[in-house]
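Welcome, and please open your viewer. Keep the selection box handy, and we will walk from stop to stop together.

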Amino acid sequence: MTCAKYRSMVLATVALIGLPALAQETQEQSPPDPQTAALLERIEQLEAELADLRGEVLQSAETASKAEATAQDAVDRIAEVQDQTSPGPAYAVSPGMPDTKWHLAGYADVGFVGGDTSGPDSFVSGKFNPSFHFQYKDFLLFEGEFEYATTGDGETESELEYSQIDLVLNDHAVLVVGKYLSPIGQFQERLHPSWINKVQGAPAGFGHDGVQPASDTGVQLRGSIPAGVTRLTYALAVGNGPRTTSEGGVELMGMGSDDNSNKSIGGRIGFFPMPALEVGGSYLTARVDGIMNPDMPVPSGSGLPLDARFQLWGVDAAYTKGPLAARFEYLKSERGKLFTATDEEPDGVLLPDLEMEAWYGQVSYRLSGFSDSEIIHRLEPVVRYGEFSISGHPELEEENAQNRLNAGLNYWLAPTIVAKAGLEWRDYTVPGVPDETLIQFQLGYGF
Amino acid sequence: MKSCIFPAFTLATILLTGGPAAIAQSGPEETPAAESAADTDPMQDPMQIVRGAKAWNETCSRCHNLRSPSELTDEEWDVSVTHMRVRGNLPASDVRDILAFLQASNNQ
């Protein structure tokens with residue numbers, strides 16, 4: 001094929017394909033009809049509006065970004081202020097504390113006793129009982145308390161009330177080792193301090209020469225098991241136990257060593273069916289030896305009881321709600337026949353069975369809701385009645401067996417400072433022993 | 001009861017509780033009681049203070065008037081509450097709540 005023919009074919013092809021397009025283009029370039037022109041104008045307007053909207057969106061995004069940054073600055077500032085202030089006292093607890101912490105506490109009282117008694121009216125210096133608590137971290141506590149008092153002849157007598165180490169084993173158990181206040185009943189362990197006790201003294205039978213043990217030396221396992229609003233508490237103790245006194249009675253206080261190898265076993269179980277009500281039961285069993293003087297004829301083989309069983313049991317209850325506190329305790333102890341030396345019988349005497357029984361009920365009511373008067377608010381009348389009986393020891397019975405009624409009025413200067421005024425009627429049950437009426441004043445301070 | 005029985009009884013009682021073993025295994029830093037420090041952080045449990053106030057009122061007033069929280073410092077309350085835990089046989093959960101309340105309320 002020649003070049004001329006190619007040129008002819010190309011020209012023909014271009015003409016065939018391109019001419020209609022050229023014709024169409026020629027038509028489009030012609031002025032649009034009015035409808036098309038309107039549409040084109042409308043499209044241009046929409047494009048302009050869209051551009052404006054894009055601008056506004058971009059501006060809004062920028063504003064939002066600035067607001068977010070401002071908010072973040074505020075959050076950072078708040079956190080900074082919290083960091084500076086939150087370690088304050090309200091929520092700063094154990095983590096910042098030293099390993100060893102301590103606390104000095106205790107109580108003291110002074111007073112006056114008069115009335116129709118065998119002794120003279122007298123001011124009494126009362127007691128000073130400082131107690132020391134040292135705690136290592138959160139699992140060990142040493143606590144000890146002294147009692148200082150001035151005797152009638154001016155001497156200062158001191159006594160180590162308790163000295164114990166408490167080891168917190170877990171949430172429900174604490175191991176107590178040393179000399180501790182007796183867990184029998186409620187009064188001795190929890191209620192006897194003068195700023196807690198509503199009356200000037202202990203109930204009949206719950207003090208010295210009574211049925212209530214004061215303390216013991218040994219080991220205790222104690223704690224509490226909560227279940228909803230109820231609580232079960234326990235205190236199980238093994239100690240040196242009681243000892244025979246030189247008067248032929250039973251001394252119930254913690255000795256530095258035991259006089260025999262028999263240990264006392266006892267304790268108390270308490271139950272709170274509701275927060276305001278507590279009921280408890282106590283038990284103690286032990287053996288006591290008779291006192292054998294060195295020059296005393298040895299009665300071995302004589303069949304005489306050189307030791308005797310001692311057991312004690314009791315129940316208690318307390319209802320405390322708001323200004324009302326009502327309490328009841330009962331204790332009874334028994335000791336079997338015992339051959340022992342006494343002050344009056346240094347060569348020994350066979351003592352009969354000894355029984356002691358004591359109980360008391362007490363009600364106090366704080367008049368905090370009775371009047372708008374600030375003075376009335378601080379008043380608290382209290383009544384206590386109790387009985388103490390002894391059989392098997394005439395001297396102890398003559399000296400101590402009685403029915404005792406107390407009526408008093410307390411004035412609370414502060415939650416731990418109380419001024420007490422009261423009357424105490426002692427109706428001795430042994431015929432011939434004159435009754436007594438005591439007027440008592442006491443100022444007690446717990447610190 | 002023979003004397004040899006008592007040490008055995010005492011030892012058995014102690015061992016049954018498992019407490020010393022727990023302390024020996026975990027060391028003083030991790031005793032069950034030491035864990036209570038974290039449990040007394042009201043920031044983690046704001047209701048603890050409320051529970052503590054209630055337990056403080058119900059528990060302490062069983063025996064004596066309520067002391068003002070401001071009477072003692074945080075450290076002193078820590079020791080005092082442990083003392084009362086032993087004396088009053090208080091449950092540990094109540095003790096932690098009461099301590100949190102007292103330390104949050106003493107303004108010291």
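## Stop one: chain B

Select chain B and follow the sequence from its start: the pattern reads α-α-α-α-α-α. That comes to six helices and zero strands, where helices are DSSP runs of H or I with at least four residues and strands are E runs of at least two, numbered from the N terminus.

Before going further, a word on what you are looking at: this is a predicted model, in which local features need pLDDT of at least 70 and side-chain atom pairs count only at pLDDT 80 or more, while totals for chains, interfaces and linings use all residues. Residues are numbered from 1 along each chain as its sequence is written, chains are lettered from A and ligands numbered from 1 in the order in which they are written, and side-chain values use heavy atoms, leaving out hydrogens and water.

Now colour chain B by accessibility. Of its 108 residues, 52% are buried; buried means under 20% relative accessible area, exposed means over 50%, and partly exposed lies in between, with a 1.4 Å probe and protein chains only. Switch on the surface, and about 5,100 Å² is accessible, 61% of it belonging to carbon and sulfur atoms. These areas come from the Shrake-Rupley method with a 1.4 Å probe, and for residues only the protein chains shown count as cover.

Contacts are worth drawing too (heavy atoms within 4.5 Å). Among those in chain B between residues at least 6 apart in sequence, 60% join residues at least 24 apart.

For one example, select B:R51, in helix 4 (residues 47-60) of chain B. B:R51 is partly exposed, at 37% relative accessible area. Which residues does B:R51 touch, not counting those up to four places away in sequence? They are B:D45 and B:D97. Add B:I98 to the selection as well: 47 residues separate B:R51 and B:I98 along the chain, yet their C-alpha atoms are 7.6 Å apart.

## Stop two: salt bridges in chain A

Over all chains, a search of the whole structure finds 23 salt bridges. Here a salt bridge is a side-chain nitrogen of Lys or Arg within 4 Å of a carboxyl oxygen of Asp or Glu.

Begin with A:K263 and A:D258, whose side chains meet at 3.0 Å, N to O. A:K263 is partly exposed at 23% relative accessible area, and A:D258 is partly exposed at 21%.

Next, select A:R268 and A:E278, which form a salt bridge at 3.0 Å, N to O. A:R268 sits in strand 11 (residues 264-274) of chain A and A:E278 in strand 12 (residues 277-289), so the pair ties together parts that are 10 residues apart in sequence. Are these two residues buried or exposed? A:R268 is buried at 6% relative accessibility, and A:E278 is buried at 4%.

Keep A:R268 selected and add A:D316; the closest N and O atoms of this salt bridge are 2.7 Å apart. A:D316 belongs to strand 13 (residues 307-321) of chain A and A:R268 to strand 11, so this bridge links parts 48 residues apart in sequence. Both A:D316 and A:R268 are buried. Add A:R190 to see the full group: salt bridges that share partners join A:R190, A:R268, A:E278 and A:D316 into one network.

## Stop three: a nonpolar surface patch

Select A:I225, A:L232, A:L236, A:I269, A:F271 and A:V279, which form a nonpolar patch with about 460 Å² of accessible area together. Such a patch is made of residues with over 30% relative accessible area and no salt bridge, nonpolar side chains (Val, Leu, Ile, Met, Phe, Trp, Tyr) being joined within 5 Å and like charges within 9 Å. Strand 8 (230-239) and strand 11 of chain A are the elements that give two or more residues to the patch. Zoom in on A:F271, in strand 11; A:F271 is partly exposed at 36% relative accessible area.

## Last stop: two backbone angles

Most residues other than glycine have a negative phi, and most peptide bonds are trans. Now select A:K137, where phi is positive, near 50°. A:K137 is in the loop between strand 3 (127-136) and strand 4 (140-150) of chain A, and is buried at 12% relative accessibility.

Finish on A:D209, with a positive phi of about 60°. A:D209 lies in the loop between helix 3 (187-191) and strand 7 (215-227) of chain A, and is partly exposed at 47%.
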